[in-house]
Amino acid sequence: LIGAGWYGKRMMSLMQTDTEFNKSDMTNPYISVEKEQAMKGYWTVALFGVDSRDSSVGKGNMSDVIIICNINQETGEIKLVSLFRDTYLNLTNGNYNKANSAYAFGGPDQAINMLNLNLDLNISKYVSVDFTAIANAVDALGGIEMEVNEAEYEHLNNYTVETSEVVGRTTTKLPGPGTYNLDGIQAVSYCRIRYTKGDDFKRAERQRTVIAKIVEKAKEKAQSGDLATINKIITDMFPQVATNLKVDDVLSMTTDL
């Protein structure tokens, strides 16, 4: 617990903490008392992956990844549900547009309000990351094992060119389909593939799979006592993370993990 407390505070010292986020603005006036009571045993956090090329994770960037993370506070079970970026929704002002544009117009405040209004939710917490944050996390973990099929590997290789430019380091091309230990740039490029069968549905599935692989490997490192790796993840990744989570929020998740 002492270790968890130290790491939780270290995370918060490096993350871009959103102090202007007003939780009262997130209250959903359309949600019923019964629905609100039923949601009390769960904690829901909005996860945004922004298409940023300059390390900015705030207003002005499209949130091409929108994932609703639901945590059962009794069992610790976590479920991830994707909202496809092209979903046509009320952006909270009566204007309808693609869901990913709400973040660009009004940052996480408007994006969360959009989710609450259209999906009958009551979210007030969020975490936003860019390409570099995910690449740094995967590299710090020593890569993640992923099966890349015939339809995916060429697109993955193509995306590594632009992803390398954004992240600021290079990688290698995959020689063909197979199971590989993907580095950070390759993992981000895998998440970006949308030209195979399944289009954005399949891309969103890839994103959730990569998150699950990152969490799985981070747990293995923590359980083996490899705190140096966990510390490197915090040091390298969290400066590219923006959130309105508080230290206590992070501590409770750390101990559960």
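1. Asp120, in this predicted model, is partly exposed, because its relative accessible area of 31% falls between the two limits of 20% and 50% that separate buried from exposed residues. Asp120 is found in the loop between H3 and strand S7, the latter spanning 125-129, and the backbone there deserves a look, since phi of Asp120 is near 60 degrees, a positive value in a residue other than glycine.

2. Thr92 raises a similar point about the backbone: although Thr92 is not a glycine, Thr92 has a positive phi of about 95 degrees. Its place is the loop between strand S5 (88-90) and strand S6 (96-98), and with a relative accessible area of 35% the residue is classed as partly exposed.

3. Helix H3, which covers residues 101-119, contains Gly106. Gly106 has a relative accessible area of 22% and is therefore partly exposed, given that buried would require a value under 20%. Although Gly106 and Asn61 are 45 residues apart in sequence, their C-alpha atoms are 9.5 Å apart in space.

4. On internal space, a search of the whole structure finds 1 cavity of 30 Å³ or more, and the volume of this largest cavity is about 40 Å³. Strand S3 (65-72) and helix H7 (199-223) are the elements that give two or more residues to its lining, and the largest share, 4 residues, comes from H7.

5. Which residues line the largest cavity? The lining is made up of Asp64, Val65, Ile66, Ile67, Ser82, Leu83, Phe84, Arg85, Asp200, Arg203, Ala204 and Gln207. Sorted by class, the lining of the largest cavity has 6 nonpolar, 2 polar and 4 charged residues, a division that a colleague placing probes or solvent in the model may wish to have at hand.

6. Turning to the aromatic side chains, the search of the whole structure returns 4 aromatic pairs. One of them joins Tyr159 and Tyr195, whose ring centres are 6.5 Å apart and whose planes meet at 10 degrees, so the pair is stacked, the limit for that class being under 30 degrees. Because Tyr159 lies in helix H5 (residues 153-167) and Tyr195 in the loop between helix H6 (184-192) and H7, the pair ties together parts that are 36 residues apart in sequence. Tyr159 counts as buried, because its relative accessibility is 10%.

7. A further contact with a ring involves a charged side chain: Arg206 lies over the face of Tyr190, at 5.9 Å from the ring centre.

8. As for the cysteines, how many disulfides does the structure hold? The structure holds 0 disulfides. Two cysteines may be singled out for their surroundings: Cys69 counts as buried at 10% relative accessibility, and Cys191 is likewise buried, with a relative accessible area of 13%.

9. Lys202 has its place in helix H7, and its C-alpha atom is separated by 9.5 Å from that of Cys191, with the two residues 11 apart along the chain. Is Lys202 buried, partly exposed or exposed? Lys202 is partly exposed, because its relative accessible area of 26% is over the 20% limit for burial and does not reach the 50% above which a residue would count as exposed.

Notes
Residues numbered from 1 in each chain as written. Predicted model: local features only at pLDDT ≥ 70, side-chain atom pairs only at ≥ 80, totals over all residues. Heavy atoms only, no water. 1 Å grid on protein atoms, 1.4 Å probe; cavity = no way out; pocket = protein on both sides within 12 Å on 5 of 7 lines; lining within 4 Å. Points joined across faces, edges and corners; volume = space filled by probe spheres on them. Nonpolar A, V, L, I, M, F, W, Y, C, P; charged D, E, K, R; others polar. Buried < 20%, exposed > 50% of the residue type's maximum accessible area, 1.4 Å probe, protein only. Phe/Tyr/Trp six-rings, centres within 6.5 Å; stacked < 30°, edge-to-face > 60°. Lys NZ or Arg CZ within 6 Å of the ring centre and 35° of its normal. Disulfide = S-S within 2.5 Å.
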